[in-house]
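Visitor: I'd like to learn how to read a fold. Could you walk me through one?

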Amino acid sequence: MEPTKYIWRDGALVAWADATVHVLSHGLHYGTGAFEGIRAYETPQGTAVFRLTDHMVRLARSCKALGIPVDWMPDDLVKASKELLALNGLQSGYIRPIVFYGTGSMGLNPAGALVHTFIATWEWGAYLGEEGVRDGIRVRVSSWRRIDQNSFMPNAKGTGGYVNSVLAKTEALRGGYDEALLLNNEGYLAEGSGENLFVIRDGIVHTPPVTAGVLEGITRDSVMTLLREDGITVVEAEVTRSDLYYADEMFFTGTAAEVTPIREVDDQPVGGGAPGPVTRRAQELFMGTVTGKLDLHPEWLEFI
Ligand code: PMP
């Protein structure tokens, strides 16, 4: 990762190297925080952040669910992110806001701990590789289950929940795969370690419902909307393990992953083993929209 000049900390700009936290930060010990991942793209009209407000609203919701009081309104963080991108001279890139408990309490009760909000920006290419976006990636069903609704909140982007994602991701990489697919405790498909899942069979697109224990992805919502408007049937329905092996096509969506085809699952080819027509269409529609080449949802582009 290439450092950029500034990081936004609690309303002020600090140099990248000075954006440090104390070792006795509550969030470091107990995972008491929430974050977002957002992308900005170069468009013919200038740099646009994709659904920036929706991401900041989701951050506020995650904090509410986790009981973390935030000093900033989503609109404040929208403004700060735009200013930061411009100051860091980024025409495109990734934005990472994070809210967490700092020092002031070392017991489990965070009352008395300061709440910090940071925003960092940097350049970030294809999360699962250029080759992955072009030819598809290889995934395995993880031995880990997705965090359960009764123990944590898969639909809140809480920092602590990401230990689950890290375990699944590193297990997959150790086995020579690119990414993990996590089942929920009922045995239905949930999602990837940091992506939502789409499975296509006989021309119909299926994606696990939020009740399956997934994050309500903003890319998921965008791709569902774009495909439906293109005349393709998209259903939120439980996906079983056999559905993976019967699938004609599969892909992941996420801010980092964008639309990444899956060409192999558990060492078996998905369909013909190459990205299929619905996946290609989803890529075209999504990338066209975020880069302003297609004027399908101009309201999703927030210019800096
Ligand atoms: N699921 C998980 C667990 C994630 O971390 C992410 C990335 N935020 C997603 C799905 C995709 O969400 P989005 O499209 O909003 O980036």
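Guide: Here is a short tour from the whole chain down to one hairpin. This is a predicted model, where local features need pLDDT of at least 70, side-chain atom pairs count only at pLDDT 80 or more, and totals for chains, interfaces and linings use all residues. Residues are numbered from 1 along each chain as its sequence is written, and side-chain values use heavy atoms, with hydrogens and water left out.

Visitor: How many helices and strands are in the protein chain?

Guide: Helices (H or I, at least four residues) and strands (E, at least two) are DSSP runs, numbered from the N terminus. The protein chain has 8 helices and 17 strands.

Visitor: What does the radius of gyration say about the protein chain?

Guide: It is taken over C-alpha atoms, and the globule rule is 2.2 Å times the number of residues to the power 0.38. For 304 residues a compact globule would have a value near 19 Å, and the protein chain agrees, with 19 Å. Its C-alpha atoms fill a box of roughly 55 × 45 × 30 Å along the principal axes.

Visitor: What share of the residues is buried?

Guide: Buried means under 20% relative accessible area, with a 1.4 Å probe and protein chains only. Here, buried residues make up 51% of the 304.

Visitor: Now the hairpin: in which sense do E1 and E2 pair?

Guide: Two strands pair if DSSP finds at least two bridges between them. Strand E1 (residues 6-9) and strand E2 (residues 12-15) pair in the antiparallel sense over 4 bridges. Arg-9 stands opposite Ala-12 in E2. The hairpin has 2 residues between the strands, and Asp-10 takes a positive phi near 50°.

Note on methods: Buried < 20%, exposed > 50% of the residue type's maximum accessible area, 1.4 Å probe, protein only.
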